Amino acid sequence: MEKLKMAEQWRENPGVEFLMECWADDPALRIFIKKLVAKCPQWGIVCMDGMLVNWKAE
């Protein structure tokens, strides 16, 4: 949670893998992650149909 709060404060992407791991591990974090990716569209991560999607996958 601390890493997610820092990402929100500094708008630094903690990494898609980290976000997806948190998403899968703790349903309570999903609300926070949804708000976080909405605040940071430059990361290229969106929440669709209850899943995190990396729409800027290279």
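A search of the whole structure, which is a predicted model, turns up 1 salt bridge. The partners are Glu 8 and Lys 39, with their closest N and O atoms 2.6 Å apart. That sits inside the 4 Å cut-off for such a pair. Side chains of opposite charge can pair when their charged atoms come close. Glu 8 belongs to helix α1 (residues 2–10) and Lys 39 to helix α3, so the bridge ties together parts of the chain that are 31 residues apart in sequence. As for solvent, Glu 8 is partly exposed, its relative accessible area being 22%. Because the line between buried and partly exposed is drawn at 20%, Glu 8 falls on the partly exposed side with its 22%. Lys 39 is also partly exposed, at 41% relative accessibility.

Stepping back to the whole chain, the secondary structure amounts to 3 helices and 2 strands. Read from the N terminus, the order is α-α-α-β-β. The radius of gyration comes out at 10 Å, close to the 10 Å that the globule rule gives for 58 residues, so the chain is as compact as a globular protein of that length. Along the principal axes, the C-alpha atoms fill a box of roughly 25 × 25 × 15 Å. Of the 58 residues, 31% count as buried. The chain exposes about 4100 Å², and 57% of that area is supplied by carbon and sulfur atoms. On the contact side, take the pairs of residues at least 6 apart in sequence: 46% of their contacts join residues at least 24 apart. Charges are another item to look at: there are 8 positive and 9 negative ones, and their mean positions lie 8 Å apart.

Two loop residues have backbone angles worth a look. Arg 11, in the loop between α1 and α2 (16–25), has a phi near 60°, which is a positive value in a residue other than glycine. Arg 11 is partly exposed, with a relative accessible area of 40%. Asp 49 also has a positive phi, about 50°, without being a glycine. This residue is placed in the loop between β1 (45–48) and β2. At 78% relative accessibility, Asp 49 counts as exposed, since the exposed class takes in anything over 50%.

Just past that loop, strand β2 covers residues 51–54 and includes Asn 54. With a relative accessible area of 27%, Asn 54 is partly exposed. Setting aside neighbours within four places in sequence, Asn 54 is in contact with Val 16, Met 20, Trp 43, Gly 44 and Ile 45. Val 16 and Met 20 fall in the range of helix α2 (16–25), while Ile 45 falls in that of strand β1 (45–48). For Trp 43, the C-alpha separation from Asn 54 is 8.4 Å, and the two are 11 residues apart in sequence.

Back in the helical part, Ala 28 is found in helix α3, which spans residues 27–39. Lys 39, the salt-bridge partner of Glu 8, is in this helix too. Ala 28 has a relative accessible area of 58% and is exposed; the label follows because 58% is over the 50% limit. Between the C-alpha atoms of Ala 28 and Pro 14 the distance is 18 Å, with 14 residues separating the two along the chain.

Conventions. Residues are numbered from 1 along each chain as its sequence is written. This is a predicted model: local features need pLDDT of at least 70, side-chain atom pairs count only at pLDDT 80 or more; totals for chains, interfaces and linings use all residues. Side-chain values use heavy atoms; hydrogens and water are left out. Helices (H or I, at least four residues) and strands (E, at least two) are DSSP runs, numbered from the N terminus. Buried means under 20% relative accessible area, exposed over 50%, partly exposed in between (1.4 Å probe, protein chains only). A salt bridge is a side-chain nitrogen of Lys or Arg within 4 Å of a carboxyl oxygen of Asp or Glu. The radius of gyration is taken over C-alpha atoms; the globule rule is 2.2 Å times the number of residues to the power 0.38. Contact means heavy atoms within 4.5 Å. Accessible areas come from the Shrake-Rupley method with a 1.4 Å probe; for residues, only the protein chains shown count as cover. Lys and Arg count as positive and Asp and Glu as negative; His and the chain ends are not counted. The place of a charge is taken as NZ of Lys, CZ of Arg, CG of Asp or CD of Glu.
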